[in-house]
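I set out to record what I looked up in this structure, entry by entry. The entries begin with the charged side chains and end with the chain as a whole.

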Amino acid sequence: MILEKVIAMLADQLGFDEDAINENTDIAEELGADSLDLVELMMSAEEEFGIAVVDDDLAKLRTVGDIVKYIENNM
């Protein structure tokens with residue numbers, strides 16, 4: 001469920017088809033997301049999942065799976 005929501009958020013934000021994104025997708029290299037895109041995504045995740053994201057943790061989030069694990073660990 002979290003994976004599907006994260007994929008939907010990324011697809012919407014970055015203009016990709018959801019089918020082109022999976023758990024192993026590298027956000028920067030494959031989707032072209034920059035640091036601002038990641039901040040915006042995590043702000044959406046904070047609202048959607050009721051979590052607080054620590055700015056220092058953003059640099060560790062490289063793949064869709066990394067984001068999903070971060071959300072799961074902070075819920």
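**Salt bridges and overall fold**

I looked first at Lys5, which forms a salt bridge with Glu48; their closest N and O atoms are 3.0 Å apart. I then placed both partners: Lys5 belongs to helix α1 (residues 2-14) and Glu48 to helix α2, so the pair ties together parts that are 43 residues apart in sequence. I noted that this is a predicted model.

I checked how accessible the two partners are. Lys5 has 29% relative accessibility and therefore counts as partly exposed. Glu48, at 42% relative accessibility, is also classed as partly exposed.

I turned next to Arg62, which forms a salt bridge with Glu29, with the closest N and O atoms 3.6 Å apart. This pair, too, links distant parts of the chain: I found Glu29 in the loop between α1 and α2 and Arg62 in the loop between α2 and α3 (64-74), 33 residues apart. For Glu29 I recorded 64% relative accessibility, so this residue counts as exposed. Arg62 has 40% relative accessibility and counts as partly exposed.

I looked up a further pair, Lys60 and Asp57, whose side chains meet in a salt bridge at 3.4 Å, N to O. Is each of these two partners buried or exposed? Lys60 is exposed, with a relative accessible area of 58%. Asp57 is at 17% relative accessibility; because buried means under 20%, Asp57 counts as buried.

I then asked which residues are joined by salt bridges that share partners. Asp26, Glu29 and Arg62 form one such network. For the chain I noted a count of four salt bridges.

**A buried acid without a partner**

I examined Asp37, which is found in helix α2 (residues 35-49). Asp37 is buried, yet I found no salt bridge for this residue. How far away is the nearest side chain of opposite charge? That side chain is Arg62, and the distance is 12 Å. I listed the neighbours of Asp37, leaving out residues up to four places away in sequence: Asp37 touches Gln13, Leu14 and Gly32.

**Charge and surface**

I looked up the charges of the chain and found 4 positive and 20 negative ones. Their mean positions are 8 Å apart. The chain exposes about 4,600 Å², and I noted that carbon and sulfur atoms supply 46% of this area. Of the 75 residues in the chain, 41% are buried.

**Fold and dimensions**

I recorded the secondary structure: the chain has three helices and zero strands. Read from the N terminus on, the elements run α-α-α.

I compared the radius of gyration with the globule rule. A compact globule of 75 residues would have a radius of gyration near 11 Å, and the chain has 11 Å, which agrees. Along the principal axes, the C-alpha atoms fill a box of roughly 25 × 25 × 20 Å.

I closed with the contacts. How much of the contact set with a separation of 6 or more comes from residues 24 or more positions apart? I recorded 55% for the chain.

How values were computed: Residues are numbered from 1 along each chain as its sequence is written. This is a predicted model: local features need pLDDT of at least 70, side-chain atom pairs count only at pLDDT 80 or more; totals for chains, interfaces and linings use all residues. Side-chain values use heavy atoms; hydrogens and water are left out. Helices (H or I, at least four residues) and strands (E, at least two) are DSSP runs, numbered from the N terminus. The radius of gyration is taken over C-alpha atoms; the globule rule is 2.2 Å times the number of residues to the power 0.38. Buried means under 20% relative accessible area, exposed over 50%, partly exposed in between (1.4 Å probe, protein chains only). Contact means heavy atoms within 4.5 Å. Accessible areas come from the Shrake-Rupley method with a 1.4 Å probe; for residues, only the protein chains shown count as cover. Lys and Arg count as positive and Asp and Glu as negative; His and the chain ends are not counted. The place of a charge is taken as NZ of Lys, CZ of Arg, CG of Asp or CD of Glu.
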